[in-house]
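Dear colleague,

I am handing over the structure we spoke of, and I would be glad if you could open it before reading on. My notes come after it.

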Amino acid sequence: MNPVVDHDLCIGCGLCAELCPEVFEMGDDDLAHVIDGADCDAAGCCEEAADSCPVEAISL
Ligand code: F3S
């Protein structure tokens, strides 16, 4: 599974980085970024993060 954050949609709410800090981090641009080499299968929280994003900016 390879998560992608759509930066045209992300409003920088930070929920994904809170729920799934192994995979998502907030960048200097205040938008969520996928951490290099992050492993959704190992982290096990990508789906929860994607489901929780208020603007559905995360696709898996
Ligand atoms: Fe952005 Fe959604 Fe995360 S708005 S910060 S991708 S929860």
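What follows is a short account of the ligand site, the core and a few loop residues.

Please keep in mind throughout that this is a predicted model.

I begin with the ligand, which sits in the largest cavity. The residues around the ligand include an unbroken stretch from Cys10 through Ile11, Gly12, Cys13, Gly14 and Leu15 to Cys16, and the list is completed by Met26, Ala32, Cys53, Val55 and Ile58. By class, this shell holds 10 nonpolar residues and two polar ones, while no charged residue takes part in it.

Turning to the packing of the protein itself, the largest nonpolar core has 16 residues, and Cys20, Phe24 and Ile58 are those with the most contacts inside it. The element that gives the most to this core is helix 3, residues 46–52, with three residues. In soluble globular proteins, nonpolar side chains tend to be buried together. Once its neighbours within four places in sequence are left aside, Cys20 is in contact with Ala43, Cys45, Cys46 and Ala49.

Two loop residues deserve a look for their backbone angles, given that most residues other than glycine have a negative phi. Asp30, which is not a glycine, has a positive phi of about 65°; Asp30 is found in the loop between strand 2 and strand 3, and counts as exposed because its relative accessibility is 54%, where the cut-off is over 50%. Glu56 is the other case, with a positive phi near 50°; Glu56 lies in the loop between helix 3 and strand 4, the latter spanning 58–59, and at 65% relative accessibility Glu56 also counts as exposed.

Glu56 leads on to Leu9, since the two are 47 residues apart in sequence and yet 7.6 Å apart in space, C-alpha to C-alpha. Leu9 has its place in the loop between strand 1 (4–5) and helix 1 (15–19), and, apart from neighbours within four places in sequence, Leu9 is in contact with Val55, Glu56 and Ala57. With a relative accessible area of 39%, Leu9 is partly exposed.

Lastly, is Gly27 buried or exposed? Its relative accessibility is 18%, and therefore Gly27 counts as buried, the cut-off being under 20%. Gly27 is placed in the loop between strand 2 (24–26) and strand 3 (32–34), and its C-alpha is 9.2 Å from that of Gly12, with the two positions 15 residues apart in sequence numbering.

With best regards

Conventions
Residues are numbered from 1 along each chain as its sequence is written. This is a predicted model: local features need pLDDT of at least 70, side-chain atom pairs count only at pLDDT 80 or more; totals for chains, interfaces and linings use all residues. Side-chain values use heavy atoms; hydrogens and water are left out. A residue is near a molecule or strand if one of its heavy atoms lies within 4 Å of it. On a 1 Å grid over the protein atoms alone, a cavity is a set of points where a 1.4 Å probe fits but cannot get out, and a pocket is an open set with protein on both sides within 12 Å along at least five of seven lines; lining residues have an atom within 4 Å of a point. A molecule sits in a cavity or pocket if more than half of its atoms lie within 2 Å of its grid points. Ala, Val, Leu, Ile, Met, Phe, Trp, Tyr, Cys and Pro count as nonpolar, Asp, Glu, Lys and Arg as charged, and the others, Gly among them, as polar. Helices (H or I, at least four residues) and strands (E, at least two) are DSSP runs, numbered from the N terminus. Buried means under 20% relative accessible area, exposed over 50%, partly exposed in between (1.4 Å probe, protein chains only). Contact means heavy atoms within 4.5 Å. A nonpolar core is a set of buried Ala, Val, Leu, Ile, Met, Phe, Trp, Tyr and Cys residues joined through side-chain atoms within 4.5 Å.
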